[in-house]
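Q: Hi! Could you walk me through this fold before I head back to the bench?
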Amino acid sequence: MLRVTVWNENIHDKKDSVRAVYPDGIHGAVAAAVKELDDVKVDIATLDQPECGLPDDVLGNTDVLIWWGHVAHHEVPDELAWKVREHVNKGMGFIALHSAHLSKPFKLLMGTSCSLRWRDKEYERVWCVNPGHPIAEGIPPFFELEREEMYGEFFDIPHPESLVFLGWFRGGEVFRSGCCWTRGLGKVFYFQPGHETDNSLNNPHVRKIIRNAVRWAAPANRREKLDCPNPIPAEEMVRHGMDIGWY
Ligand code: ZN
């Protein structure tokens with residue numbers, strides 16, 4: 001049984017314009033997509049819950065954490081971001097969707113600014129540039145999103161270990177839309193579609209990619225302790241003032 005936690009800041013989701021697209025919230029749409037896997041337990045966690053919905057026991061019992069955030073990245077405590085990073089290093093999978101490129105956990109895992117160009121209300125063609133990759137299973141050579149937010153290069157990320165999707169926009173921009181990394185024992189996937197007022201998270205290809213990514217990111221070998229010298233726990237990072245400090 002795969003244990004997936006879908007985290008959403010759940011702020012846009014209270015507006016009518018977003019409810020019209022995602023009546024159960026962005027988290028609801030993502031969770032519904034993941035639940036189409038037959039051996040999965042999906043839980044939802046949101047910013048407004050105690051401990052942001054991610055107390056230690058939840059993180060410790062999550063195989064893959066999916067993250068959507070946009071306007072409240074700064075409200076996520078630094079210590080939680082460090083904890084997510086620690087769990088990824090020990091093997092937990094992490095999937096950052098759309099504007100989670102600026103979330104604290106993703107930026108910590110990348111170590112770069114993760115900034116990019118953007119423009120709203122665009123047409124996107126998502127090209128599969130790595131058809132042999134497990135996340136591309138069942139995905140055609142390209143698919144179209146009639147309306148999505150343009151994210152463009154330069155996307156300030158470390159060079160992906162695998163690039164699976166490339167987005168092309170009507171304005172001529174291209175973007176590394178589906179990128180993979182490993183961090184410690186954990187796998188990280190960034191996927192660009194998923195703007196709050198567009199419909200991409202209901203697109204069957206997008207939903208299939210999220211499911212494929214969950215399977216790909218699931219830990220093969222999660223460890224309680226890392227077998228490396230001197231691992232620094234999250235609370236130590238915070239105590240020593242190693243705050244994220246990029247906001
Ligand atoms: Zn957006």
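**Helix H2 and its surroundings**

A: Happy to! The cover over the buried residues of H2 includes strands S1 (2-8), S2 (40-46), S3 (64-68) and S4 (93-97), along with H6. Contact means heavy atoms within 4.5 Å, and buried means under 20% relative accessible area, with a 1.4 Å probe and protein chains only. Helices (H or I, at least four residues) and strands (E, at least two) are DSSP runs numbered from the N terminus.

Q: Is this model predicted, and what is counted?
A: This is a predicted model: local features need pLDDT of at least 70 and side-chain atom pairs pLDDT 80 or more, while totals for chains, interfaces and linings use all residues. Residues are numbered from 1 along each chain as its sequence is written, and side-chain values use heavy atoms, leaving out hydrogens and water.

Q: How many residues of H2 are buried?
A: 9 of the 11 in H2 (residues 25-35), so the helix is largely enclosed by the rest of the structure. Among them are His27, Val30 and Val34.

Q: Switching topic, which protein residues hold the zinc ion?
A: Its protein donors are His98 (NE2), Glu149 (OE) and His195 (ND1), 2.0 to 2.1 Å away. Donors are N, O and S atoms within 2.8 Å of the metal (3.2 Å for Na, K and Ca); water is not among the atoms, so sites may look incomplete.

Q: Are Glu149 and His195 buried or exposed?
A: Glutamate 149 is buried, at 7% relative accessible area, and histidine 195 is buried too, at 4%.

Methods: Buried means under 20% relative accessible area, exposed over 50%, partly exposed in between (1.4 Å probe, protein chains only).
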